[in-house]
Amino acid sequence: MERRDFFKLAGIAAVATGAASAGVVGYLNGADPSTNTGWEKESVTPGELFDRTPFETDQLPFNKVGTPKRVEMYAETQLRRSTLSKAFDVPQGMPFNAYLKSVVDVNNLANTPLSIIKDKDLAAFYQGVLNRYGWNYFAEDLRHILEVQPRFARINAETAFDFAIANAYEWAQSVHMGYHVSRVSSKDSDFQGVAKKRYEIKDPKEMSRLIKKIGTLFGSPIVRIVKLNPEWSYERAPDSIRGYTRGEPVNIPEHWKYGIIMGQPLSWETLGGAPSYFHTLEAYGNSSIYAARMSDFVKRLGYPARENSPHARYEFIMPPHMVAAGVGEQGRNGLVITPEFGPNFRPSMVVTDLPLEPDKPINIGVRNFCMNCKICAEQCPSRSISLDGPKEIGGRGYDGWQINAAQCHNFWLEVPNGGCRVCIAVCPFSKKSNWLHTTARDIAIRDRTGLTAKGLTWMERAFYGENTPEHYHYEEGSRQYGLVGEKPWFFESKDFLKES
Amino acid sequence: MFELIINSLVIISLLIAIYALFNYQKEKGEKLAWWKWTLSILWLLAVLIVFAFIGTAIGEGSPQVALRGGITFLVLLAISGVVFFRFFFVGIKREQRINEPVEQDVN
């Protein structure tokens, strides 16, 4: 063999060996459980997952539009419609479903008069939607209760594990939930358990650094501090909780000064199982626990604290505060896109007057990315996400994308186990923290030409595939809902349980 | 330990490939310009990245991404590899032949 041919063969062999080894390295990284970042990870160093410093800015990453206005009771809290039964005088002991059938014409739901609703605020909300959009929301809600929800009884038998896991989380966390609710059971509960001795703080900046470290010790992979904006809060209590009666005005006391924002992503392992098998309840619970730990810590320093969390509920609107604190930027799907987890982040917040230094917002180019991407809007099963550019977000005082929350929630109610989360699962930012995705993210957020973002969006569509909104809808014949990806094997109850 | 070995193997393979390319062009009596070297090394790195991409996608439970992305990138690599090889070596040979002095009949 000539020397030239020898080197040629050696080169080919080296490339082949290198390629195979790179494949193995990639596989090990992809399969590494630590890339499920933030998911029940107990401790990280602040800023370990993503250094926000180069992206911090003095300007909020949106345009000021309109006048900020506190949120009305029903305008953006349509989830309260899930307690629609409270809006009627249902005889004690009578199932709500049976009651409804006795007061409405099930064959002509569209003509059900709003006057049968006891709650005048809710009736006004339905009337407002009818006036503005010509959409009979009330009839749609009645249809969900009378037609869609009974369907679940048939489907549930095939999704036994799905329900068992969700209920296990819910049951275990309901213990904590009761605990959380009791901690905010009155307006002055912020002061309950506050240490008699109030420690003076040497330096708010240093205190903020400490709070961030403590927050990560408590389990939250992101801890950011915000100066609270009273305009980004509920005007009236959406329910009889937190020391308020339903509809009571919420006054902002002076000690609601700063917010310590924490949270957690939903389980990465179930991401492809959206809409039905991608769970929320585990992150609800953990995020609430982080807030409980932090509020207790603050109280022991002698300062009042109040939890705003999934289980304890909220007085403040989280997305604008998260944006102001630099947790991320609000995306097309209305959720805050964090650099670490994309929109897959369930937040909580501790409100206090402990002297702190608020963080700055960040600009990682989410707005430009979302302008081009639109994957969430194109796949949204309820078509609740706009395909247009940013517009004024009602009452916020800035522009962005506002989803049709009520339309979104109606699809929630159609999915077994409640909820959808497709827009979280399909977002190109919702990726595990392995070399591939963090490298792509780091290049995309630095490339202000938008070319990288366009390339990544193309790859997302081409490699991960695209589903139509109809794909996620229920098919009577197959008794199945389409999923974003693969159903996690541990949800496949028929592989483990005998048919009864 | 296994990770250290496998990571080392990637780097060693890359270095051997560069060394082999260096000697190959030397044995052919050619000298690659700096920008051809740059492109060649970038191509080698791209090969490693594409295979790492395929492995990562499989590892994180997205075999369809590995398949679709793998095919796309491997086709691009194959095309660019053939173009580079022909352009860098076959092209040089032809260029050299054209520039070689024509032997004159002294008789």
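**Exercise 1. Confidence**

What pLDDT does chain B average, and what share of the residues score at least 70? Then find where in chain B confidence is lowest and where it is highest.

*Solution.*
- Step 1. This is a predicted model. Chain B averages a pLDDT of 84. Of its residues, 83% score at least 70.
- Step 2. Go helix by helix. Helix α2 (residues 34-59) of chain B has the highest confidence, with a mean of 93. Confidence is lowest in helix α3 (residues 63-99) of chain B, at 82.
- Step 3. Add the global scores. The model has an ipTM of 0.82 and a pTM of 0.86.
- Step 4. Keep a caution in mind. Predicted coordinates should not be read in detail where pLDDT is low.

**Exercise 2. The fold of chain A**

Describe the make-up of chain A, and judge its compactness with the globule rule.

*Solution.*
- Step 1. Take the secondary structure. Chain A has 14 helices and ten strands.
- Step 2. Apply the rule. For 500 residues it gives 23 Å, and the radius of gyration of chain A is 25 Å. The two values are close, so chain A is as compact as a globular protein of that length.
- Step 3. Look at the extents. Along the principal axes, the C-alpha atoms of chain A fill a box of roughly 95 × 65 × 45 Å.
- Step 4. Check burial and contacts. Of the 500 residues, 43% count as buried. Among contacts in chain A with a separation of 6 or more, 79% join residues 24 or more positions apart.
- Step 5. Split the chain. Domain 1 of chain A covers 41-70 + 159-500, and domain 2 covers 78-156. Their C-alpha centres lie 29 Å apart.

**Exercise 3. Nonpolar cores**

Locate the largest nonpolar core and name the residues with the most contacts inside it.

*Solution.*
- Step 1. The largest core has 87 residues. A:Ile260, A:Met294 and A:Val422 have the most contacts inside it.
- Step 2. Helix α7 (residues 281-300) of chain A supplies the largest share, ten residues.
- Step 3. Another core, of 28 residues, lies apart from it. Its members include A:Ala14, A:Val15, B:Leu14 and B:Ile54.
- Step 4. Return to A:Val422. Beyond neighbours within four places in sequence, its contacts include A:Ala274, A:Gln379, A:Tyr472 and A:Val484.

**Exercise 4. The interface**

How many residues of chain B are in contact with chain A, and which helix gives the largest share?

*Solution.*
- Step 1. Count both sides. 33 residues of chain B are in contact with 30 residues of chain A.
- Step 2. Assign the chain B side. Helices α1 (2-27), α2 and α3 each supply at least two residues. The largest share, 14 residues, comes from α1(B).
- Step 3. Sort by character. The chain B side has 19 nonpolar, nine polar and five charged residues.

Note on methods: Residues numbered from 1 in each chain as written. Chains lettered and ligands numbered in written order. Predicted model: local features only at pLDDT ≥ 70, side-chain atom pairs only at ≥ 80, totals over all residues. Core = buried A, V, L, I, M, F, W, Y, C linked by C-beta atoms within 7 Å. Buried ≥ 20, exposed ≤ 12 C-beta atoms within 10 Å, placed from the backbone. Helix = DSSP H or I, 4+ residues; strand = E, 2+ residues; numbered from the N terminus. Contact = placed C-beta atoms within 7 Å. Rg over C-alpha atoms; globule rule 2.2 N^0.38 Å. pLDDT = per-residue confidence, 0-100. Domains from an automatic or database assignment. Nonpolar A, V, L, I, M, F, W, Y, C, P; charged D, E, K, R; others polar.
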